[in-house]
Amino acid sequence: MTTKIKICGLTTPDTLDVALEGGADFVGAVVFPKSPRHLEPEAAAALFERARGRAKIVAVTVDPDDALLQQIARTLRPDFIQLHGSETPGRAERVRALTGAGVIKALPIRQADDFAAADAWSDEADHLMFDAKPPEGSALPGGVGHSFDWTLLAGRAFRHPWFLAGGLNPDNVAEALRITGTPMVDVSSGVESTPGVKDAGRIAAFIQNARRS
Ligand SMILES: O=C(O)c1ccccc1NCC(=O)[C@H](O)[C@H](O)COP(=O)(O)O
């Protein structure tokens, strides 16, 4: 089966176009003011309209309150809300009701027992995203370019197709696919020249290398 690809934290038309032309399946807008990739919902809506119907639009959020979810639903109209904070499974139903979008839940992974959280989400999230736990003191819960030990995924099965994230880049995505057999990959800082600045060549290379594997 073809690996599904999400390019996250896009902020410019040029780089969004490279992702779309390369055939990315998901494109992500980060709505989190502490992030160098942050877009206000209205700005994200204006940028991501060109992606509608070509790739799934994902709004990446961290513990969003109801008002923010409603604002995102009204403006960006995403296909998915990605929850990247300490949301509980019970919150997913409310997220769906407020936005009409599907739910991607990111789970931070450093060691084997971090996968225990996946069970509670298996009925609540459309997709889980296994992302590296950021280093202590990091201002961001995601988009920091750290990876976890991919062999921790060996022998695990999940109810829905899931994403591998954290520290992926054009040079290691093929190996990540080989080791984990993940059906979906997600990348942000690995296709940037500096934090928050996406690099068209790296996006194209990432998609090409993931597809070739
Ligand atoms: O990217 C961000 O700035 C961000 C901020 C707050 C929460 C989540 C964020 N990113 C989520 C993603 O989906 C990233 O693509 C994922 O964490 C992988 O990032 P990277 O290791 O840089 O590829």
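**Reading a barrel and its ligand shell**

Author: Let us begin at the ligand, where strand S2 and strand S8 (184-187) each supply at least two residues of the surrounding shell. Please keep in mind that this is a predicted model.

Reader: Which residues come nearest to the ligand?

Author: Of the 26 residues around the ligand, the nearest are Cys 8, Gly 142, Gly 143, Ser 188 and Ser 189. Sorted by character, the shell holds 11 nonpolar, 12 polar and 3 charged residues.

Reader: How many strands does the closed barrel have, and in what sense do they pair?

Author: The general idea is that strands of a sheet pair through backbone hydrogen bonds, either parallel or antiparallel. In this structure 8 strands form a closed barrel in the order S1-S2-S3-S4-S5-S6-S7-S8, and the pairing is parallel.

Reader: Over how many bridges do S1 and S2 pair, and where does each strand lie?

Author: Strand S1 covers residues 4-7 and strand S2 covers residues 26-30, and the two pair in the parallel sense over 2 bridges. To follow the pairing residue by residue, look first at Lys 6, whose bridge partner in S2 is Phe 26. On the way from S1 to S2 the chain passes through helix H1 (residues 13-22), and this β-α-β crossover is right-handed. The other residue to find is Ile 7, which has Val 27 as its bridge partner in S2.

Reader: And what does S2 do with strand S3?

Author: S2 pairs with strand S3 (residues 56-61), again in the parallel sense, over 5 bridges. Within this pair, Gly 28 stands opposite Val 58 in S3. Between the two strands the chain crosses through helix H2 (residues 41-48), in a β-α-β crossover that is right-handed.

Reader: Is S2 enclosed or open, and why?

Author: A residue counts as buried if 20 or more other C-beta atoms lie within 10 Å of its own. In S2, 5 of the 5 residues are buried, so the strand is largely enclosed by the rest of the structure. If you follow the directions of its residues, Phe 26, Gly 28 and Val 30 point one way, while Val 27 and Ala 29 point the other way, and all are buried.

Reader: Which residues have the most contacts inside the largest nonpolar core?

Author: That core has 64 residues, and those with the most contacts inside it are Ile 7, Val 27, Ala 29, Val 31, Met 129, Phe 130 and Val 185. Strand S5 (residues 102-109) gives the largest share of this core, 5 residues. As a case to trace on the model, take Phe 130, which, leaving aside its neighbours within four places in sequence, is in contact with Leu 107, Ile 109, Trp 162, Phe 163, Leu 164 and Ala 165.

Reader: Is Asp 119 buried or exposed, and why?

Author: Asp 119 is exposed, because it has 11 other C-beta atoms within 10 Å. The residue has its place in helix H5 (residues 117-121). Its C-alpha atom is separated by 14 Å from that of Pro 108, and these two residues are 11 residues apart along the chain.

Reader: How should I read the phi of Asp 63?

Author: The general idea is that most residues other than glycine have a negative phi. Asp 63, although not a glycine, has a positive phi near 45°. Asp 63 is found in the loop between S3 and helix H3 (66-75), and with 13 C-beta neighbours inside 10 Å it counts as partly exposed. Arg 77, also not a glycine, has a positive phi of about 50°, and lies in the loop between H3 and strand S4 (80-83). With 16 C-beta neighbours inside 10 Å, Arg 77 counts as partly exposed.

Key:
Residues numbered from 1 in each chain as written. Predicted model: local features only at pLDDT ≥ 70, side-chain atom pairs only at ≥ 80, totals over all residues. Pairing = 2+ DSSP bridges. Helix = DSSP H or I, 4+ residues; strand = E, 2+ residues; numbered from the N terminus. Near = placed C-beta within 6 Å. Nonpolar A, V, L, I, M, F, W, Y, C, P; charged D, E, K, R; others polar. Core = buried A, V, L, I, M, F, W, Y, C linked by C-beta atoms within 7 Å. Buried ≥ 20, exposed ≤ 12 C-beta atoms within 10 Å, placed from the backbone. Contact = placed C-beta atoms within 7 Å. Right-handed = clockwise from strand over helix to strand, strands pointing away.
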